[in-house]
Amino acid sequence: MIDFPRKEHYTAEDLVAIIRILRDPENGCPWDKVQTHSSIRMNFLEEAYEAVDALDANDAELLCEELGDVMMQVAFHAEMEEETGTFTWQDVCDGVCRKLVLRHPHIFGAAPGMEGINDWDALKNKEKGRVTLAQDLQSVPKAMPALMRSAKLQKRAERCLGKQPADLSVLADAASRVGSSPDQAQAEQALGELLFEAVRLARDAGLDPEQALQRCNERFLLQNTDSRKEL
């Protein structure tokens with residue numbers, strides 16, 4: 001057993017210390033010490049989704065708990081990198097602080113070489129050295145939910161190509177090909193085109209497609225909550 005002090009209140013530094021104890025190769029937790037970035041990748045996403053659920057529920061007590069779980073994931077991944085000598089928890093904190101200062105020139109003043117740039121996305125692209133639309137689009141996270149990623153890709157493309165309104169004929173054509181194509185790969189491609197254009201339609205109406213589908217899911221759930229149908 002580890003002689004770890006019991007406290008009335010713990011700090012972020014205590015969190016890092018606990019993670020290090022759990023990851024100790026000899027005396028650590030059998031589960032925690034063998035985890036890798038890949039093995040707990042989905043845990044990170046799950047904790048983030050649970051925090052968003054708490055936000056949507058306007059439940060402050062639950063949100064406090066879920067934010068702690070998200071912070072634990074950050075500390076866990078940072079500790080793995082510290083073990084290999086790449087970066088530390090302090091480097092993570094330092095990096096995000098520098099980013100916030102850099103991207104708020106109207107509050108903190110412009111950094112050298114960033115004078116005259118006040119748009120968040122423009123500052124981000126300058127900081128990352130992205131100079132083409134392709135580089136900007138490729139930086140959209142692949143792990144995002146597909147509808148959310150489509151909306152982000154379209155939004156970034158608009159900054160360079162201008163507004164491209166939804167085409168209802170594209171929606172209709174894609175819908176017809178989904179059901180009529182004898183080839184599954186072609187039907188899947190048509191379905192993807194239909195959903196991508198539906199995202200464009202949602203954005204034209206000022207709607208969040210991911211949120212719209214989630215709310216539709218909830219309505220479906222409520223409609224079937226009292227269902228007496230047997231499984």
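This is a short walk through one protein chain, from confidence to core, surface and salt bridges.

Keep in mind throughout that the model is predicted. The mean pLDDT of the protein chain is 91, and 99% of the residues reach 70 or more. Where is confidence lowest, and where is it highest? The low end is helix H6, residues 120-128, with a mean of 77. The high end is helix H3, residues 60-84, with a mean of 97.

I will start with the inside. The largest nonpolar core has nine residues. In chain order, they are Leu-15, Val-16, Ile-19, Ile-40, Ala-75, Phe-76, Ala-78, Met-80 and Trp-89. Which helices each supply at least two residues of this core? Those are helix H1, which covers 12-22, and H3. H3 gives the largest share, four residues. Recall that H3 is also the helix where confidence is highest.

Next, the loops on either side of H3. The loop between helix H2, 41-57, and H3 holds Asn-58. What is the phi of Asn-58? The value is positive, about 55°, although Asn-58 is not a glycine. Asn-58 has a relative accessible area of 71%, so this residue counts as exposed.

At the other end, Thr-86 sits in the loop between H3 and H4. Thr-86 has a relative accessible area of 49%, so this residue is partly exposed; the cut-off for exposed is over 50%. Thr-86 also serves as one end of a distance. From its C-alpha atom to that of Val-178 is 48 Å, with the two positions 92 residues apart along the chain.

Now the surface. Val-96, Leu-100 and Trp-120 together make a nonpolar patch there. How much accessible area do the three have together? The figure is about 260 Å². Val-96 belongs to helix H4, residues 89-102. With a relative accessibility of 42%, Val-96 is partly exposed.

There is one aromatic pair in the count. Why is the pair of Phe-4 and Tyr-10 called stacked? The ring centres are 6.4 Å apart and the planes meet at 15°, so the pair falls in the stacked class; the limit for that class is under 30 degrees. The centre distance also counts, because rings pair only if their centres lie within 6.5 Å. Both residues are partly exposed: Phe-4 has a relative accessible area of 23%, and Tyr-10 has 42%.

On to charges. Side chains of opposite charge can pair when their charged atoms come close. How many salt bridges does a search of the whole structure find? The total is 14. I will take a few of them.

Arg-177 takes part in two that I want to show. One is with Asp-173, at 2.9 Å from N to O. Both of these residues lie in helix H9, residues 168-180, and they are four residues apart, about one turn of the helix. The other partner is Glu-193, where the closest N and O atoms are 2.4 Å apart. That pair links distant parts of the chain, with Arg-177 in helix H9 and Glu-193 in helix H10, residues 184-204, 16 residues apart.

Are these three residues buried, partly exposed or exposed? Arg-177 has 28% relative accessibility, so it counts as partly exposed. Asp-173, at 39%, is also partly exposed. Glu-193, at 27%, is partly exposed as well.

A second case is Arg-130 with Asp-136. Their closest N and O atoms are 4.0 Å apart, and the pair is a salt bridge. Here both residues are buried. Which residues are linked with them in a network of salt bridges? Arg-156 and Arg-159 are, along with Arg-130 and Asp-136 themselves.

Last, the segment after helix H11, which covers 209-223. Arg-228 is found in that segment. Its relative accessible area is 75%, so Arg-228 is exposed. How far is its C-alpha atom from that of Lys-128? The two C-alpha atoms are separated by 55 Å, and the residues are 100 apart along the chain.

Key
Residues numbered from 1 in each chain as written. Predicted model: local features only at pLDDT ≥ 70, side-chain atom pairs only at ≥ 80, totals over all residues. Heavy atoms only, no water. pLDDT = per-residue confidence, 0-100. Phe/Tyr/Trp six-rings, centres within 6.5 Å; stacked < 30°, edge-to-face > 60°. Buried < 20%, exposed > 50% of the residue type's maximum accessible area, 1.4 Å probe, protein only. Patch = residues over 30% accessible without salt bridge, like charges linked within 9 Å, V, L, I, M, F, W, Y side chains within 5 Å. Areas by Shrake-Rupley, 256 points an atom, 1.4 Å probe, with all protein chains shown as cover. Salt bridge = Lys/Arg side-chain N within 4 Å of Asp/Glu carboxyl O. Core = buried A, V, L, I, M, F, W, Y, C linked by side-chain atoms within 4.5 Å.
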